[in-house]
Amino acid sequence: MARKSPDELPPPGPTVKKQEDRLITMAIDTAERMFLEGTAPPSIVTHFLKLGTTREQLEQERLRAENALLEARKASLEAQAHVEQLVADALKAFRSYHGDEDDDPDIY
């Protein structure tokens, strides 16, 4: 596998994320070349071996589940805040129907 010239690489990105993605791509290309040439150091071999293990796959699945749980918690908290605002608005409306002009939120 021939080394890519700078002209063949994607241009540097306008954001840090794009730059990181570009460097990751370059690192993976380098690791692949080293594997094909038989010059990959043990650290690179070990890294890619670990990626293929059942333990790593379970860890990735666990992380995805944790992210889903966090998203659900966030949505629940947002919904709760919305309900609390609706209740506060309703109580305020009921007080105005009753004739109370006092906007003291401590009086329900």
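**Figure 1. One aromatic pair is found in this structure.** Welcome to the predicted model; we start with two phenylalanines. The rings of Phe-35 and Phe-48 have centres 5.9 Å apart, and their planes meet at 75°. Planes over 60 degrees apart count as edge-to-face, so that is the name for this pair.

**Figure 2. The ring pair links helix H1 with helix H2.** Look for Phe-35 in helix H1 and for Phe-48 in helix H2, which runs over residues 42-51. Because the two rings sit in these two helices, their pairing ties together parts that are 13 residues apart in sequence. How open to the surroundings is each partner, buried or exposed? Phe-35 is partly exposed, with a relative accessible area of 39%. Phe-48 is also partly exposed, at 32%.

**Figure 3. Glu-32 belongs to helix H1.** This helix covers residues 16-37. The relative accessible area of Glu-32 is 37%, so this residue is partly exposed. From Glu-32 you can also look across to Ile-44: the two are 12 residues apart in sequence, and their C-alpha atoms are 9.7 Å apart in space.

**Figure 4. Helix H3 spans the length expected of it.** Here you can follow the 45 residues of H3, numbered 54-98. At 1.5 Å a residue, the helix should span 66 Å. Its end C-alpha atoms lie 65 Å apart, which agrees.

**Figure 5. Gly-99 comes just after helix H3.** Step past the end of the helix and you meet this glycine, where phi is positive, at about 105°.

Methods:
Residues numbered from 1 in each chain as written. Predicted model: local features only at pLDDT ≥ 70, side-chain atom pairs only at ≥ 80, totals over all residues. Heavy atoms only, no water. Helix = DSSP H or I, 4+ residues; strand = E, 2+ residues; numbered from the N terminus. Expected span 1.5 Å × (residues − 1). Buried < 20%, exposed > 50% of the residue type's maximum accessible area, 1.4 Å probe, protein only. Phe/Tyr/Trp six-rings, centres within 6.5 Å; stacked < 30°, edge-to-face > 60°.
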